[in-house]
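Here are some exercises to work through with the model open beside you. Try each task before reading its solution.

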Amino acid sequence: MSKVVISIALVGLVAGGTATVVLYSSNLRMEIRAAPDPGAVDDEPPDPGQFRVHLVDVDTGLGMLIQGSDFNLIYDGGSRDNRAQGRKNRLLAYLWQAIGPSGDEDCRPVEDGVGAAPGTQLTIQNLVLSHPHQDHAVLLPDVLRCYDVEVVWDSGAINDTKMYREFLQAVAAEPGVIYRTALAPPADRTVTVNGASITMATWEQFAEGGPPITLGTNATMRILHADGAAHSDPNENSIVLRLDLGQTSMLLMGDGESGQRMEPAQADGVTTNPLGDIEEHLVTTYPTEIDVDILQVGHHGSETSSRLGFLKAVSPDVALLSSGGFKYGSKVLPDQSVVDMLESEEDRIVLRTDLLDAHTPGVDESDRCGSDTNKIGDDNDTKDGGCNSWIIDLDDGVEEPCCRTCTKKACGDGCIAATSTCWKPPGCACGPT
Ligand SMILES: [Zn+2]
């Protein structure tokens, strides 16, 4: 996808309501939908040549599903505050809608109107745990239990906790799974975590920078950062992926960082604060590969990530930001300075999972996610999460419905559908149909 967005059309973007934004560029169509309720999520896989990206609102954490006509990829599944397991697992409830019913009765969400459990399991070809933190991992054991997962990717760095033990035990219990880590497997394929000895039937090693790995037809992933060494902060173990889905590219950062908290730019607003850690590594080693269309913003929009120099190198058209109300230290993420920097590009779309969260300023109490019964996942937990998921449908090879031309550059200086209005800024005028 070229960096020039030829036209942008908005058919109403309302937090918590039905929303569709359509981007056209070259012959690519990118349709963005909010998924505030189960009815918005379709369990039919994308047609051949099309792809679907889901940013699942798991409250404070990260959970993503990427789909093609012939594959499913999970990148992380965890939360600090929506940690319910089994039938109340919020990610599992979303996958039941998006991939389809899978597994036995203990996999069926507690919500009303959910059909019977099939007893058989649908396939998730690849499941990636970016790094072993609760807000990325705690919802994944149920996914392994309820779906047929073929390959699990993990840094291999051990977080000696019950949470990580349960993740590895679920991997070990998955029939036929291939477990891959950035660390070399021990000879006995056994690891001890939180007092338990866990043996994998199949354990392989991977490294960053290798050739693209096929996900499905016309879809690949490349590993741009892999580190299984022990770090005091497991964020430094984040597995970074570049995905190519047809003509669209994505960068998945996990909690990849630049170092201590700093605003993206220096006081002049132009010069970047110094890069470090994973972001510096990516800019230095993979300057071409990180220039993508869609970015999963590192570490929930924290000032430990997203330095200006990094964002300029990535230059995404769409930024995905997953965060919630849990405090990391004294901070609720995302940091406003990071949001401001992301939104400083006029044509960039920033999609956030925290729009209706209780801590988010400007949300009426009656609209808050916790009291909303029309959301994906358990209705009765009164917590945030489940209200602000996002779906991006990617469609290669479509003709642009060029019906009229915007007369001001502010509209993108391009053509948009006659039924649509220009997105921003307000006051943008278009020519006749
Ligand atoms: Zn995190």
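Before the first task, a definition: axes are lines fitted to C-alpha atoms, for helices over the stretch in contact, and angles run from 0 to 180 degrees between N-to-C directions. Keep in mind, too, that this is a predicted model.

**Exercise 1. Place a helix on its strands**

Task: Find the strands that helix 5 lies across, and give its angle to strand 14.

Solution: Start from residues 277–285, which form helix 5. This helix lies across strand 14 (219–225) and strand 15. With the axes drawn, helix 5 runs at about 115° to strand 14.

**Exercise 2. Trace the sheet**

Task: Work out the strand order of the open sheet that has 7 strands, and name its edge strands.

Solution: Going across the sheet, the order reads 13-14-15-16-17-18-21, with mixed pairing. Strand 13 (213–216) and strand 21 each pair on one side only, which makes them the edges. On average, neighbouring strands here are turned by 20° against each other, direction ignored.

Now zoom in on one pair. Strand 15 (residues 240–245) and strand 16 (residues 248–252) are antiparallel partners over 5 bridges. Within strand 16, L252 is the residue opposite L241.

**Exercise 3. Explore the core**

Task: Identify the residues with the most contacts inside the largest nonpolar core, then the helix that gives the core its largest share.

Solution: The largest nonpolar core has 95 residues, and L95, V143, L241 and L320 have the most contacts inside it. Helix 1 (residues 90–98) supplies the largest share, 7 residues. Follow L95 next: leaving out residues up to four places away in sequence, L95 touches L65 and V143. As background, nonpolar side chains tend to be buried together in soluble globular proteins.

**Exercise 4. Read the two sides of a helix**

Task: Why do the buried residues of helix 7 line one face of the helix?

Solution: First list the buried residues of helix 7 (residues 336–343): V338, M341 and L342. Next, look down the axis of helix 7: these buried residues fall within an arc of 100°, so they line one face. The face turned away from that buried side carries the exposed residues Q336 and E343. Finally, look for packing partners: the buried residues of helix 7 pack against helix 6 (308–314), strand 18 (318–321) and strand 21 (349–352).

**Exercise 5. Step back to the chain**

Task: How many helices and strands does the chain have, and what percentage of its residues is buried?

Solution: Counting gives 7 helices and 25 strands. Of the 433 residues, 49% are buried. Among contacts with a separation of 6 or more, 64% join residues 24 or more positions apart.

Conventions. Residues numbered from 1 in each chain as written. Predicted model: local features only at pLDDT ≥ 70, side-chain atom pairs only at ≥ 80, totals over all residues. Core = buried A, V, L, I, M, F, W, Y, C linked by C-beta atoms within 7 Å. Buried ≥ 20, exposed ≤ 12 C-beta atoms within 10 Å, placed from the backbone. Helix = DSSP H or I, 4+ residues; strand = E, 2+ residues; numbered from the N terminus. Contact = placed C-beta atoms within 7 Å. Arc of directions from axis to C-beta. Pairing = 2+ DSSP bridges.
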